[in-house]
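The questions below ask how the labels given to empty spaces and to a helix pair are justified.

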Amino acid sequence: MENALINTYSTLPPVSLVSGRKPISLPRLQEMRAHNEKITMLTAYDATFAAVADAAGVECILVGDSLGMVCQGLPSTVGVSLDAMRYHTACVAQGVQRVTGASWIIGDLPFGSYQESREQALRSATVLMQAGAHMVKLEGGGWTTETVRFLTERGIPVCAHLGMTPQTVHALGGYRVQGKGDSADQLRKEALALQDAGATMLVLEMVPAALAASLTQHLPRCHTIGIGAGDGTVGQVLVMHDMLGINLGKNPRFVRNFMTGQSSVLDVMKAYVCAVKNGSFPDNTLHSW
């Protein structure tokens, strides 16, 4: 596996072989949904892996604050700074431009960069957009609704994030499933409010598959992206290190190690894209929360 990781960049196909990809945009994502084509998303934090993801046909690259755990060795995402997110977003943008430039780049707003005020959120979002992001992501519902509205009214596309939200892991009591029982109604209300505020994408993390599928049907203008949320969402996302089987901790049970049987990271990412597109990933039996 080490050789596959080391030689990944040199095995990228010539740009001429992948340049036929349509650049991803909000209208393009809506078009994919209308044709029941699943949206694929992976995290990336540097130019090389971003270039590989772009070459493999991954539609959306999330520069996640998960970099705090997989790159910086932190115990959670809480310690990630806005400057770190700016740096890694710029690296990813450079990598995507080295290949087709087609992938849609989403920059995570880190903890403490948008909670103070809507104006603070705008300043933070501007930093990531100027670094190369096409969209910003923030966590939580309720109080974030007006922040989402404030950003989208100013031309900044927003991806929301409900369910298990890592930035508030301490308040949630750990990495636990969300949206079970009575809390499902609250999650529904928050999702609908975020759509009404202008969010065009919504990550649903570790929520019951039935709830995620139901929300997807009621959010026609907001594309649901599942992670540990079953196969009823519009798309799927995984942390790249998890799907490569090289993270520093234990993989969640809903993660598949796509490295098995593959000879390069490019092939791994192609296999992931194919599995999401044909519906063989995720396996709903692993999402029976």
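Q: What classes make up the lining of the second largest pocket, and how is each residue assigned?
A: The lining divides into 6 nonpolar, 11 polar and 2 charged residues. Ala, Val, Leu, Ile, Met, Phe, Trp, Tyr, Cys and Pro count as nonpolar, Asp, Glu, Lys and Arg as charged, and the others, Gly among them, as polar. The model is predicted: local features need pLDDT of at least 70, side-chain atom pairs count only at pLDDT 80 or more, and totals for chains, interfaces and linings use all residues. Residues are numbered from 1 along each chain as its sequence is written, and side-chain values use heavy atoms, with hydrogens and water left out.

Q: What makes a space a pocket or a cavity?
A: On a 1 Å grid over the protein atoms alone, a cavity is a set of points where a 1.4 Å probe fits but cannot get out, whereas a pocket is an open set with protein on both sides within 12 Å along at least five of seven lines. Lining residues have an atom within 4 Å of a point.

Q: Which residues and elements line the second largest pocket?
A: It has 19 lining residues, with Gly140, Gly163, Thr165, Leu172 and Glu190 nearest its centre. Strand S5 (158-163) and helix H10 (183-196) each supply at least two, and H10 gives the largest share, 4 residues. Helices (H or I, at least four residues) and strands (E, at least two) are DSSP runs, numbered from the N terminus.

Q: What are the volumes of the two pockets, and how is volume defined?
A: The largest pocket has about 670 Å³ and the second largest about 300 Å³. Grid points are joined across faces, edges and corners, and a volume is the space filled by probe spheres set on the points.

Q: How many cavities of 30 Å³ or more are there, and what lines the largest cavity?
A: The count is 1. Its 10 lining residues include Ile227, Gly228, Gln236, Phe254 and Phe281, the closest to its centre. By class, 6 are nonpolar, 4 polar and none charged.

Q: Why are H7 and H8 called oblique to each other?
A: The axes of H7 (residues 118-131) and H8 (residues 144-152) cross at roughly 50 degrees and come within 9 Å; axes are lines fitted to C-alpha atoms, for helices over the stretch in contact, and angles run from 0 to 180 degrees between N-to-C directions. Angles under 35 degrees count as roughly parallel, over 145 as roughly antiparallel, 65 to 115 as roughly perpendicular and the rest as oblique. H7 and H8 are therefore oblique.
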